[in-house]
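User: I would like a close look at one part of this model. Please keep it brisk and set that part in its wider context.

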Amino acid sequence: MTDNADDVQRLVSRVKDVVRRLESVAEKAIKANLKMVDALNNRTVNKSISTLEALCDEVESRIQRLREIRRAS
């Protein structure tokens with residue numbers, strides 16, 4: 001179980017690093033008066049966000065199924 005917890009913590013840490021990086025990029029874009037997401041990369045950004053949301057949905061679904069299996073046992 002510890003390996004699983006370590007894996008989860010590594011994933012969460014990586015996601016937090018990405019969030020900090022995005023916040024930094026956004027601040028720089030605001031200071032430079034640049035539009036961060038333009039028509040050329042809007043689709044890519046939305047797809048990436050959708051992928052992260054799907055990852056959360058999948059993990060939540062697996063947790064729920066595991067809980068139901070454990071209750072049934």
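In which helix is Ile63 found? Take a close look at that residue and its surroundings, please.

Analyst: Ile63 is found in helix α2. Bear in mind that this is a predicted model.

Start with exposure. Ile63 has a relative accessible area of 38%. Buried would require a value under 20%, and exposed a value over 50%, so Ile63 counts as partly exposed.

Next, the company that Ile63 keeps. It belongs to a nonpolar patch on the surface, together with Leu11, Val15, Val19, Leu52, Leu55 and Val59. Together these residues offer about 540 Å² of accessible area. Membership requires over 30% relative accessible area. Ile63, at 38%, clears that cut-off. Leu11 clears it too, with a relative accessible area of 41%. Like Ile63, Leu11 is rated partly exposed.

The patch draws on two helices. α1 covers residues 2-31, and α2 covers residues 42-72. Each supplies at least two residues of the patch. Leu11 lies in α1. The largest share comes from α2, with four residues. Ile63 sits in that helix.

How far apart are Ile63 and Val15 in sequence and in space? In sequence, 48 residues separate Ile63 from Val15. In space, their C-alpha atoms are 19 Å apart. Both residues are nevertheless listed in the nonpolar patch.

Now the charged side chains. Searching the whole structure gives four salt bridges. In general, side chains of opposite charge can pair when their charged atoms come close.

One bridge links Arg65 with Glu58, and its closest N and O atoms are 3.9 Å apart. The salt-bridge cut-off is 4 Å, so this pair falls within it. Arg65 is partly exposed at 41% relative accessibility. Glu58 is also partly exposed, at 34%. This pair does not stand alone: through salt bridges with shared partners, Glu58, Arg62 and Arg65 join into one network.

Helix α1 has charged pairs as well. Asp7 bridges to Arg10, with the closest N and O atoms 2.5 Å apart. The two are three residues apart in α1, so about one helical turn separates them. Asp7 is partly exposed, with a relative accessible area of 41%. Asp17 and Arg20 form another salt bridge, at 2.3 Å from N to O. They too are three residues apart in α1, and therefore about one helical turn apart. Asp17 is partly exposed at 39% relative accessibility. Arg20 is partly exposed at 48%.

Finally, the overall setting. The protein has two helices and zero strands. Its radius of gyration is 18 Å, while the globule rule gives 11 Å for 73 residues, so the protein is more spread out than a compact globule. The C-alpha trace spans about 60 × 25 × 15 Å along its principal axes.

Buried residues make up 1% of the 73 residues. The accessible surface comes to about 7000 Å². Carbon and sulfur atoms account for 56% of that surface. There are 15 positive and 12 negative side chains in the protein. The centres of these two sets lie 2 Å apart.

To return to Ile63: it is a partly exposed residue of helix α2, and it takes part in a nonpolar surface patch to which both α1 and α2 contribute.

Note on methods. Residues are numbered from 1 along each chain as its sequence is written. This is a predicted model: local features need pLDDT of at least 70, side-chain atom pairs count only at pLDDT 80 or more; totals for chains, interfaces and linings use all residues. Side-chain values use heavy atoms; hydrogens and water are left out. Patches are made of residues with over 30% relative accessible area and no salt bridge: like charges are joined within 9 Å, nonpolar side chains (Val, Leu, Ile, Met, Phe, Trp, Tyr) within 5 Å. Accessible areas come from the Shrake-Rupley method with a 1.4 Å probe; for residues, only the protein chains shown count as cover. Buried means under 20% relative accessible area, exposed over 50%, partly exposed in between (1.4 Å probe, protein chains only). The radius of gyration is taken over C-alpha atoms; the globule rule is 2.2 Å times the number of residues to the power 0.38. Lys and Arg count as positive and Asp and Glu as negative; His and the chain ends are not counted. The place of a charge is taken as NZ of Lys, CZ of Arg, CG of Asp or CD of Glu.
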